Amino acid sequence: MQKISRGGKKGEKGLSQTTIHIELSVDKRLFQVPVTTLLTNVKNDSPMVSPLVLLLSLCLVCCKSAAEADLMSEFDHNAVLDTHEKMKLYWSTDLDAKMIYFAMEAVSTGWVGLGFSENGAMIGSDVVIGWVKDGKGNLKDHFATSSSSLVVDHQQDYELTGYKESGGKAVLRFQRKFDTHDPWDRKFEKGDTNVIFAFHSENPDSPMEIPKQVFRVSRRMISFVKRNKRAADNGESGEKRFRFTARNVTIPSRKSTYWCTVSRGPNLKSKHHITRFEAKIQAENKDLVHHMALFQCYTDYNFASEFFLQGGDCFANNMFAKCKGFNSIAVAGAGIETHINLPDHVGFPIGGEDLPKIYLLEIFYSNPGKKEGKIDSSGFDLYYTQNVRTYDAGMVYLGTKLDDWQIIPPKQKDWVLVGYCMHQCTEDKFNSTSLPGKGIKIFAANTHMHSAGRAAWIKHIRNGKELPEIDCTDKFDFPKEQGDDLIQFCKYDSLNSKKLIKGGIDGDDEMCFGIVFYYPRISGFLRCQSVSIDPSLKLLNKYFNKPKVTSLNSNPLVHRNATWSDAMVADFREYERNNEKVIPECIYKANLTTNDLKNVTINVPIPKISEGLPPEQHTCQSQVISSESVNLSRSACTFVFGTLCALVGALK
C-alpha cells in the first residue's frame with residue numbers, strides 16, 4: 001500500500017555509491033564499518049524517485065535475453081533503476097521466513113551498489129555493495145556516514161547466494177532478513193523503502209577501497225514486504241494469455257496525448273477470472289509512455305474499424321462517452337509494477353453473458369520534447385483461467401475530483417491536498433457485498449500524482465476513530481461496524497513553479513488519486529472522491545473584491561494572473577487546513593451554483609477524528625519517498641504503486 005512520499009533535499013548533491021557486484025539479493029541499507037568514498041554527482045534539480053517507483057519501473061522492462069527472462073521468471077518483482085536500463089533489481093519476499101531474496105543486474109564489470117534510505121538521502125543509508133573478481137563473487141554490508149563516504153558494517157547481514165559475470169554484465173544474488181537487529185541496517189517493514197543505487201566500471205581493490213561511481217544515480221521508492229510470492233510456474237495450471245496493445249501508433253509530436261485503442265476480448269462463453277497481468281511497454285518508448293489503463297467497456301456503440309486497428313485521440317473522439325459504463329482492469333506506467341498477481345482467491349471477471357466484450361486501452365503519451373516518428377505498440381498481457389475464484393476483484397479511485405478547484409500556489413513546499421471517500425457514498429454499496437461481515441477487503445493500492453507530488457497516504461476513519469493507515473498495514477481485523485471514511489492525502493512541492501498548479505489531466509497539471517484494488521467487486525463503484533470549493537471562494541472574496549461567482553463549473557482563481565503574496569498564501573493554506581465541508585463525487589452534479597454550497601446534503605461536513613492514531617502507529621507519515629520518476633520529464637505524472645497483499649484492509 002502507499003506511504004507518505006516526499007522528495008529529497010534540494011541542496012543535496014547526490015547519492016554516493018559503494019559497490020560490489022550483487023546478483024539479486026536481500027534488501028539492505030548502507031551501513032558498514034570501514035570508510036569508503038563514493039562519488040556523489042546527482043544534481044540539485046535531478047528528480048528523486050522512491051524505491052517503490054524504482055522497482056516498479058524495472059518491472060516495466062521486457063525480457064531482452066534468456067538471462068533476463070530467467071531472472072524475471074525466478075523473482076516475483078523487478079524494476080529498472082535508471083533510464084538507460086543499465087541496472088535492474090529483482091526480488092521476492094517470503095513473509096513466513098521474513099526474508100527477502102534479491103538479484104542485482106548491471107551493465108558493468110565493476111562493482112554494483114544498492115542502498116536503502118529513510119529519506120532518500122545518502123547519509124545514514126544502509127548499503128550493500130557487490131562485485132565479481134577473478135571468478136569469485138564478493139558482497140559487503142556498509143552504511144553511509146556522509147554523502148560521499150561508506151563504512152563497512154561489523155555485522156555482515158547480507159548473504160551472497162550467487163554471482164555471474166559475462167558479456168559485460170554482472171549479476172549478484174543475495175538475501176537478507178527483514179530485521180537483522182543491527183542498528184546500522186534498515187529494517188524492512190510494511191510500506192515503502194527509499195532505494196538508491198550506483199555502479200562502477202572497476203572493481204575495488206578491497207572492501208575498504210570502493211571506487212567512486214561515475215554516472216548519475218536516482219532514488220526510488222519500493223515496497224518489499226507486502227508482496228505475494230508467485231507460484232514457481234509463474235501461473236496456475238491451464239492459464240491462458242490474451243494481449244491488449246496499441247497497434248503501431250505514431251505517437252503525436254505534441255506535449256500530451258491520451259490515445260485510446262478498442263479491442264474485443266477473448267470469446268469466452270462462461271465466466272473466467274484474470275489471475276494476473278503484465279505491462280508490455282516498449283523499451284524504446286518508456287520515456288514517452290507515461291501510463292496505461294485497461295477498461296472493460298459497456299457499450300452498444302458501433303466503433304469504426306479504425307479504432308480496432310490503430311485507435312485515436314481519446315478526447316477528440318469522445319471515446320469515454322461511448323462507453324456507458326466501465327470496469328477497470330489494469331494500470332501500469334511510470335513507477336507502476338509490470339507484474340501484478342492477484343490473491344489466490346480473487347480474480348477480475350472476464351467472459352460470460354453479463355460482462356462486456358469490448359475493451360478500451362488508454363495510453364497517456366508524455367512527449368514534452370515533441371519527438372516525431374516514434375511508433376508504439378505498448379499494452380498488457382492478461383492471464384486468465386476457467387477455474388473461477390471465490391471473489392471478483394474491483395478497482396476504485398480515491399482522492400480529489402479531477403477539476404481546477406484543486407490548486408497549489410507557486411513556490412510552496414509541503415502543500416497538502418485532501419480528498420474524501422465518505423461513508424455517505426459507500427454504506428449502501430458495502431452493505432450489498434457477499435462477504436460474511438459485509439464491506440470490502442483491500443489487497444493493493446497505489447497513488448497517482450504528477451511531477452510536483454512528493455508524498456501520499458490514506459487514513460482510515462470509522463465513526464470518528466482513526467484506524468491503521470490503509471497504505472501501510474497489511475492486516476486488519478475490524479469489528480462489524482458502519483461509517484467508514486477514507487481520506488487521501490497528497491503532498492506537493494511547487495518551489496519550481498512560477499504560477500499556480502491546477503488539477504487536470506495534462507502533465508503540467510496535478511492529480512491526487514489513490515487507486516485501490518479490493519474485493520468483492522461492486523458494480524459501478526469506480527470513484528469515491530470529493531471536491532473542495534470553500535477555500536478558493538474565501539480567497540477570492542478577501543483578495544479580489546468579492547467577485548460575483550455563481551457557477552461552480554470552474555474555479556475563477558485559475559483564470560486570474562495573480563501574484564501570490566506571502567499573506568495570500570498563508571491565508572489560503574489556513575483556509576485549506578480549516579476547511580470543514582466538501583462535495584462528495586457521488587453527490588456532485590454539473591451546473592452546481594454557490595447557492596448549493598448552503599445545502600448540507602451537497603456540501604457535506606468532512607469526517608472528524610475524535611480518537612486519533614497514536615503517533616508511533618503513523619507508519620505512513622514517518623516514511624519518506626520521492627514521487628518523481630527519472631523516466632519522465634518534470635511535467636510528467638508519477639505513479640507510486642503499493643504492494644500486493646492477500647489481505648491488506650477491510651472496510652465496513
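**Exercise 1.** In which loop does Glu585 lie? Determine also whether Glu585 counts as buried or exposed, and which residues outside its sequence neighbourhood it contacts.

*Solution.* The structure is a predicted model.
Step 1: Glu585 is placed in the loop that runs between strand 36 (581-584) and strand 37 (604-605).
Step 2: The relative accessibility of Glu585 is 18%. Buried means under 20% relative accessible area, so Glu585 counts as buried at 18%.
Step 3: Once neighbours within four places in sequence are set aside, Glu585 is in contact with Lys401, Arg527, Gln529 and Ser530.

**Exercise 2.** Locate Asn318, state the sign of its phi angle, and classify its exposure.

*Solution.*
Step 1: Asn318 is in the loop between strand 18 (312-313) and strand 19 (325-333).
Step 2: The phi of Asn318 is positive, at about 50 degrees, although the residue is not a glycine.
Step 3: The relative accessible area of Asn318 is 46%. Partly exposed covers the range between the 20% and 50% cut-offs, and Asn318 is therefore partly exposed at 46%.

**Exercise 3.** Describe the backbone at Lys98 and name the loop that holds this residue.

*Solution.*
Step 1: Lys98, a residue other than glycine, has a positive phi near 55 degrees.
Step 2: Lys98 is found between strand 3 (87-94) and strand 4 (99-106), in the loop.

**Exercise 4.** Characterise the peptide bond that joins Tyr519 and Pro520, and give the position of Pro520.

*Solution.*
Step 1: The bond between Tyr519 and Pro520 is cis, with omega about -10 degrees.
Step 2: Pro520 belongs to the loop between strand 34 (513-519) and strand 35 (527-531).

Key:
Residues are numbered from 1 along each chain as its sequence is written. This is a predicted model: local features need pLDDT of at least 70, side-chain atom pairs count only at pLDDT 80 or more; totals for chains, interfaces and linings use all residues. Side-chain values use heavy atoms; hydrogens and water are left out. Helices (H or I, at least four residues) and strands (E, at least two) are DSSP runs, numbered from the N terminus. Buried means under 20% relative accessible area, exposed over 50%, partly exposed in between (1.4 Å probe, protein chains only). Contact means heavy atoms within 4.5 Å.
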